[in-house]
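Visitor: I would like to go through this model with you and ask, at each step, what justifies the terms that are used for it.

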Amino acid sequence: MTLMHLIIIVFFQWIAVVSGEVADSSFKVGVLMVDGSVRNRFDIQRIGPAIDIAAESCQSRYNVKLSLLRGYYPKKCSAELAIGRATDLAMNSEISAYIGPACSDDLQVVGRFASYRNIPILTGLGDVLKEREQFRTLIRMSYDLQDKAHAILAFLKHFKWKKFGMIYRQNDVYYTAMADLLYYLATSDHFEVICQQSYIRAANKTILSDLEKIMDTMRACSRSKIIF
């Protein structure tokens, strides 16, 4: 049994408990996933089998029937399409829960909508969410970005490195959020971020920026560097 499979089963058992329904309950579940993505590793083609196995296990082991309703949207992440699919499912199908989205920007809007409608939502992401109190019904399987930032600062504090520089990927929601959060927490805890540089990576993972120039700039301003 994979971790994804196990967590989905636990998720639906939790729904059964909090809903106060009997053991043979049936639930409509909206699956919000990108369909046929070239770049996204968490599209329905890759994650779908684990969801199907979990649904079968819920039926055979716990007598909980899940009706998986498609909320797919094509090729790439889209906050507009994600909230549109989520709204359609909530308005027309009386769903009990969402699985997905698996895109950071999409999850921001759908997570707030799910909280407003009091619909449980499970995602493999959630690492870049900042206002945790706005996502009351969210269960996330990823680590927390704030915990990662605290771990980095704890490492620097251990070695008494109170001044450092940051190098991070440009035009990426994860790395931009990480940089902003790390800067905020560092300056709030008597650290000093004395220089920052960003680099550009193309979709094919080719680095487009001049890394030698970036490193020369960083070497001139800081001995300690955080690169992500």
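Guide: A residue is called buried under 20% relative accessible area and exposed over 50%, and partly exposed in between. Please keep in mind throughout that this is a predicted model.

Visitor: Why is Phe159 called partly exposed?

Guide: The relative accessible area of Phe159 is 40%, and because the class runs between the limits of 20% and 50%, Phe159 counts as partly exposed. Its place is in the loop between H5 and S8.

Visitor: What makes Phe155, Phe159 and Trp161 a nonpolar patch on the surface?

Guide: Membership of a patch asks for over 30% relative accessible area and no salt bridge, with nonpolar side chains joined within 5 Å. Phe155 has 47%, Phe159 has 40% and Trp161 has 35%, so each value can be set against that 30% cut-off and passes it. Together the three residues have about 310 Å² of accessible area.

Visitor: How do you know that the pair of Phe155 and Trp161 is edge-to-face?

Guide: Rings pair if their centres lie within 6.5 Å, and planes over 60 degrees apart count as edge-to-face. For Phe155 and Trp161 the centres are 6.0 Å apart and the angle between the planes is 70 degrees, so both conditions are met and the name follows. Ring pairs also link Phe155, Phe159 and Trp161 into a cluster, and a search of the whole structure finds 6 aromatic pairs.

Visitor: What makes the contact of Asp189 with Lys157 a salt bridge?

Guide: The cut-off is 4 Å between a side-chain nitrogen of Lys or Arg and a carboxyl oxygen of Asp or Glu. In this pair the closest N and O atoms are 2.8 Å apart, so the criterion is satisfied. Asp189 lies in the loop between H6 and strand S9 (192-199), whereas Lys157 belongs to helix H5, so the bridge ties together parts that are 32 residues apart in sequence. Asp189, with a relative accessible area of 27%, is partly exposed, and Lys157, at 41%, counts as partly exposed too.

Visitor: How do you know that Glu192 and Lys163 form a salt bridge?

Guide: Their closest N and O atoms are 3.9 Å apart, and because the limit is 4 Å, the pair is accepted as a salt bridge. Glu192 is in strand S9 and Lys163 in strand S8, so parts 29 residues apart in sequence are tied together. Glu192 has 39% relative accessibility and counts as partly exposed.

Visitor: How many salt bridges does the structure hold, and where do Arg219 and Asp216 lie?

Guide: There are 3 salt bridges. One of them joins the side chains of Arg219 and Asp216 at 2.4 Å, N to O. Both residues lie in helix H7 (residues 211-221), 3 residues apart, which is about one turn of the helix. Asp216 counts as partly exposed, at 45% relative accessibility.

Visitor: What makes a set of residues a nonpolar core, and which residues have the most contacts inside the largest one?

Guide: The members must be buried nonpolar residues joined through side-chain atoms within 4.5 Å. The largest nonpolar core has 21 residues, and those with the most contacts inside it are Leu153, Leu156, Phe164, Met166, Leu182, Ile226 and Phe228. Helix H5 (145-158), strand S8 (163-169) and helix H6 (173-187) each supply at least two residues of this core, and H6 gives the most, with 9 residues. Apart from this core lies another, of 19 residues, among them Tyr73, Ala86, Tyr98 and Phe113. Leaving aside neighbours within four places in sequence, the residues in contact with Met166 include Ala179, Leu182, Val193, Ile226 and Phe228.

Visitor: Why are Lys75 and Asn118 called exposed?

Guide: Lys75 has a relative accessible area of 56% and Asn118 one of 54%, and because exposed means over 50%, both receive that name. Lys75 is placed in the loop between strand S4 (73-74) and helix H3 (79-93), and Asn118 in the loop between H4 and strand S6 (121-123). Phi is positive in Lys75, near 70 degrees, and in Asn118, at about 60 degrees, although Asn118 is not a glycine.

Visitor: What is omega for the cis peptide bond of Gly100 and Pro101?

Guide: Omega is about 0 degrees for the bond that joins Gly100 and Pro101. Pro101 lies in the loop between strand S5 (97-99) and helix H4 (104-117).

How values were computed
Residues numbered from 1 in each chain as written. Predicted model: local features only at pLDDT ≥ 70, side-chain atom pairs only at ≥ 80, totals over all residues. Heavy atoms only, no water. Buried < 20%, exposed > 50% of the residue type's maximum accessible area, 1.4 Å probe, protein only. Helix = DSSP H or I, 4+ residues; strand = E, 2+ residues; numbered from the N terminus. Contact = heavy atoms within 4.5 Å. Patch = residues over 30% accessible without salt bridge, like charges linked within 9 Å, V, L, I, M, F, W, Y side chains within 5 Å. Areas by Shrake-Rupley, 256 points an atom, 1.4 Å probe, with all protein chains shown as cover. Phe/Tyr/Trp six-rings, centres within 6.5 Å; stacked < 30°, edge-to-face > 60°.
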